[in-house]
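User: Got a minute to walk me through this one? I'd like to poke at the backbone oddities, the sheet and the cavities.

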Amino acid sequence: MTARMTDAHAPTATPTVVHDPLAAMHAIVRHHTDLFIERDADPDATPADATVAAVAYAAARRLGFIDADARYVSAAWARRCQGRPFDPADWPDDPADFGWTLPPTRFAPCPRELGLYAVLPDAAWVARLARAGVPTLQLRFKHPDPDRVAHEVQTAVGAVHGLPCRLFINDHWQHAMAAGAYGVHLGQEDLDTLTPDDIARLRDSGLRLGISTHGYAEMARAWALGPSYLALGAVFPTTLKAMPTAPQGPGRLARYARLARDIPTVAIGGIGLAELPAVAASGVGSFAVVRALVGAPDAPAAAAELMQRWATLRADATP
């Protein structure tokens with residue numbers, strides 16, 4: 001089929017053309033096989049015309065980028081080629097390629113590297129892993145009773161008081177503000193429920209904000225808010241919850257991390273000791289785990305092993 005991109009995502013500058021669009025598309029795919037996701041791939045996609053934008057869109061669809069993300073890749077590649085020759089190996093990796101600029105008013109910053117980021121089900125788990133020296137924690141507590149939620153958030157915040165760690169609260173941003181948490185973490189569906197006034201109130205509170213993303217379109221949405229960090233995933237298969245997108249893999253993680261280098265990044269999804277080398281090699285700043293800790297026979301020992309392994313991998317990667 002002929003791949004098409006919508007006008008809303010087309011570059012505004014004069015389009016750059018290629019001599020053989022079909023060959024150019026295949027060259028992009030050949031150079032970037034580590035980005036391939038079979039589940040979402042369109043093997044019949046072909047360029048609608050000879051522009052770099054159309055070639056890149058078709059290549060992205062063949063690699064398995066969903067339509068919304070393929071459109072961002074298309075426009076980014078076209079922008080990148082306004083200042084340099086078309087090169088199928090030169091995947092766009094600069095915010096300027098995507099037309100992204102951070103807003104002048106941003107959320108409070110957090111460290112570039114958050115280290116081991118433990119996502120935990122209740123305040124007791126938060127207290128246990130905080131005492132074990134885990135530097136960054138998230139309370140992901142799900143309960144229909146708002147009073148129970150408020151109590152759990154307050155208890156978790158109290159549990160880390162005076163300890164050298166950072167506590168983010170998943171979803172319940174009003175309770176996080178009331179309890180004086182370090183930050184809040186929101187998913188894309190959480191952002192859907194916030195008004196512009198809510199976002200301004202959250203930013204003005206001084207809370208740090210982390211946002212879950214699963215590809216270029218969601219990264220663009222998060223980027224525009226000026227968050228404290230971006231969570232990138234799911235990197236590997238996970239059974240903890242139904243994911244709206246296929247596992248992105250370490251190849252895409254590396255591209256996302258390079259693009260988001262102006263914001264702290266956290267890899268998440270199916271990460272354990274075996275996956276750490278690929279995660280560290282991606283250049284991402286931190287990694288989040290759930291099952292590798294809450295499912296471990298000795299969670300503090302598992303946390304210590306993860307932190308030691310990460311420190312070794314990061315040291316080996318430093319020039």
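Analyst: Sure. D171 is a handy place to begin: this residue sits in the loop between strand 5 and helix 7. Keep in mind that the model is predicted.

User: What is phi of D171 near?

Analyst: Phi there is near 75°, a positive value in a residue that isn't glycine.

User: And is D171 buried, partly exposed or exposed?

Analyst: Partly exposed, because its relative accessible area is 25%, and buried would need under 20%.

User: Which peptide bond is cis?

Analyst: The one joining G233 and A234, with omega about -10°. A234 belongs to the loop between strand 8 and helix 11.

User: OK, on to the sheet. How do strand 5 and strand 6 pair?

Analyst: In the parallel sense, over three bridges; strand 5 covers residues 166-170. One residue pair to look at is N170, whose bridge partner in strand 6 is H185. To get from strand 5 to strand 6, the chain passes through helix 7, residues 173-179, and that β-α-β crossover is right-handed.

User: What does strand 6 pair with besides that?

Analyst: Strand 7, residues 208-213, again in the parallel sense, with four bridges. Within that pairing, V184 is opposite L209.

User: Which residues of strand 6 are buried on each side?

Analyst: Strand 6 spans residues 183-186, and both of its faces are covered. G183 and H185 are buried on one side, and V184 and L186 are buried on the other.

User: How about strand 3, how many of its residues are buried?

Analyst: Six of the six, so strand 3 is largely enclosed by the rest of the structure.

User: Which strands does it bridge to?

Analyst: Strand 10 (residues 286-289) runs parallel to strand 3 and is joined to it by four bridges. L116 has F287 as its bridge partner in strand 10. Strand 3 also pairs in the parallel sense with strand 4, residues 136-139, over four bridges. There, A118 stands opposite L137. The chain goes from strand 3 to strand 4 by way of helix 5, residues 123-131, in a right-handed β-α-β crossover.

User: Switching topic: how many cavities of 30 Å³ or more are there?

Analyst: Two. The largest holds about 50 Å³ of space, and the second largest has a volume of about 40 Å³.

User: What lines the largest cavity?

Analyst: I37, D40, G64, F65, I66, D69, H214, T245, Q248 and R252. By class, that lining is three nonpolar, four polar and three charged residues.

User: And which residues line the second largest cavity?

Analyst: Y117, V119, Q138, H185, Y229, A231, V266, I268 and A288. H185 has come up already, as the bridge partner of N170. The elements giving two or more residues to this lining are strand 3 (115-120), strand 8 (229-233) and strand 9 (265-268).

User: How does the lining of the second largest cavity divide by class?

Analyst: Seven nonpolar, two polar and no charged residues. In the lining of the largest cavity, three residues are charged.

User: Now the cysteines. How many disulfides does the count come to?

Analyst: Zero. Take C110, which is in no disulfide: the nearest cysteine sulfur belongs to C165 and is 14 Å away. The cut-off for a disulfide is two cysteine sulfur atoms within 2.5 Å.

User: Is C110 buried or exposed?

Analyst: C110 counts as buried because its relative accessibility is 11%. C81 is also counted as buried, since its relative accessibility is 7%.

User: Last one: where is I263 placed?

Analyst: I263 is in the loop between helix 11 (249-259) and strand 9. With 1% relative accessibility, I263 counts as buried.

User: How far is I263 from A317, in sequence and in space?

Analyst: They're 54 residues apart in sequence and 20 Å apart in space, C-alpha to C-alpha.

User: Great, that covers my list. Could you recap the backbone spots to check?

Analyst: Two to look up in the viewer: the positive phi of D171, and the cis peptide bond between G233 and A234.

Technical notes: Residues are numbered from 1 along each chain as its sequence is written. This is a predicted model: local features need pLDDT of at least 70, side-chain atom pairs count only at pLDDT 80 or more; totals for chains, interfaces and linings use all residues. Side-chain values use heavy atoms; hydrogens and water are left out. Buried means under 20% relative accessible area, exposed over 50%, partly exposed in between (1.4 Å probe, protein chains only). Two strands pair if DSSP finds at least two bridges between them. A crossover is right-handed if, with the strands pointing away from the viewer, the path from the first strand over the helix to the second runs clockwise. On a 1 Å grid over the protein atoms alone, a cavity is a set of points where a 1.4 Å probe fits but cannot get out, and a pocket is an open set with protein on both sides within 12 Å along at least five of seven lines; lining residues have an atom within 4 Å of a point. Grid points are joined across faces, edges and corners, and a volume is the space filled by probe spheres set on the points. Ala, Val, Leu, Ile, Met, Phe, Trp, Tyr, Cys and Pro count as nonpolar, Asp, Glu, Lys and Arg as charged, and the others, Gly among them, as polar.
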